[in-house]
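Here are some exercises to work through with the model open beside you. Try each task before reading its solution.

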Amino acid sequence: MTTQRTRPETMGENDVIDLLLAQHAMIRNLFDEVEQAAPDRRGEAFTRLVRLLAVHETAEEEIVHPYARLKIEGGDAVVDDRLAEENHAKELLQQMDQAGPEAPDFAEKLAVLRAAVEAHARSEERYEFPQLRGHTSEAERRSMALGVKAAEAMAPTHPHPGTESATKNVLMGTPIAMMDRVRDVIRQAMGKHG
Ligand SMILES: [Fe+2]
Ligand SMILES: [Fe+2]
């Protein structure tokens, strides 16, 4: 049940903007869950947060931002700003993953990451998504939603709660490795190389 709630590829939204907004809400809920988790459940919840952020941001980077770049007014500047925010969040995520959920400053770092991710989501919701909605047809948004969900479904899943961290590393690796794998499957599916 918990798994379904944090698997963005299982969402029902058919319009890409509705889908991404729902994923932003899912991200906020999962931050709540990590914050409130008992110490022995924190690592598992954080692992799900890493996967959710990896698949969401990578799908945006591969499918949504390139389209926004072409379609919206001043698209290059808008998208470049979003990519810079995403890269900043990825660095924070990578540092937290390296330090592990038992790190003494985990809660502090989580608050910093959350602020960065939420500010980024608000910027997308303000400067990118409404403009993209205004410059695309329903059919385009439907096909982008299908692409985002298909890409997210191909991403590696998190291990079941309670499995050893060695298993986690085999399945997921670091957040950056995870994002690279998601990017690879998206590019293969879209027939791109590199
Ligand atoms: Fe994003
Ligand atoms: Fe987003």
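**Exercise 1. Describe the order of elements along the chain and the overall burial.**

Step 1: Reading from the N terminus, the elements run α-α-α-α-α-α-α-α. That makes eight helices and zero strands, where helices (H or I, at least four residues) and strands (E, at least two) are DSSP runs numbered from the N terminus.

Step 2: The model is predicted, so local features need pLDDT of at least 70 and side-chain atom pairs pLDDT 80 or more, while totals for chains, interfaces and linings use all residues. Residues are numbered from 1 along each chain as its sequence is written, chains are lettered from A and ligands numbered from 1 in the order in which they are written, and side-chain values use heavy atoms, with hydrogens and water left out.

Step 3: Of the 194 residues, 48% count as buried; buried means under 20% relative accessible area, exposed over 50%, and partly exposed in between (1.4 Å probe, protein chains only).

Step 4: Now look at contacts (heavy atoms within 4.5 Å). Among those with a separation of 6 or more, 75% join residues 24 or more positions apart.

**Exercise 2. Work out which residues hold the iron ion (ligand 1).**

Step 1: Look for donors, meaning N, O and S atoms within 2.8 Å of the metal (3.2 Å for Na, K and Ca); water is not among the atoms, so sites may look incomplete. The protein donors here are E57 (OE), E60 (OE), E86 (OE), H120 (NE2) and E124 (OE), at 2.0 to 2.2 Å from the iron ion (ligand 1).

Step 2: Along the sequence, these donors show the spacing E-x2-E-x25-E-x33-H-x3-E. Because E86 sits in helix α4 and H120 in helix α5, the pair ties together parts that are 34 residues apart in sequence. Both E86 and H120 are buried.

**Exercise 3. Do the same for the iron ion (ligand 2), and classify its geometry.**

Step 1: Its protein donors are H24 (NE2), H56 (NE2), E60 (OE) and E124 (OE), again at 2.0 to 2.2 Å. Their spacing reads H-x31-H-x3-E-x63-E.

Step 2: H56 and E60 are four residues apart in helix α3 (residues 39-71), so about one helical turn separates them. H56 and E60 are buried.

Step 3: Four donors count as tetrahedral if all angles lie between 85 and 135 degrees; four count as square planar and six as octahedral if opposite donors are over 155 degrees apart and all others between 65 and 115; anything else is irregular. The angles at the iron ion (ligand 2) span 81 to 176 degrees, which makes the arrangement irregular.

Step 4: How far apart are the iron ion (ligand 2) and the iron ion (ligand 1)? They are 3.3 Å apart, and E60 coordinates both.

**Exercise 4. Examine the surroundings of L49 and R114.**

Step 1: L49 lies in helix α3 and is buried, with a relative accessible area of 0%. Leaving out residues up to four places away in sequence, L49 touches I27, L30, F31, V34 and L110.

Step 2: R114 belongs to helix α5 (residues 106-134) and is buried too, with a relative accessible area of 14%. With the sequence neighbours up to four places away left out, R114 touches R28, F31, D32 and E35.
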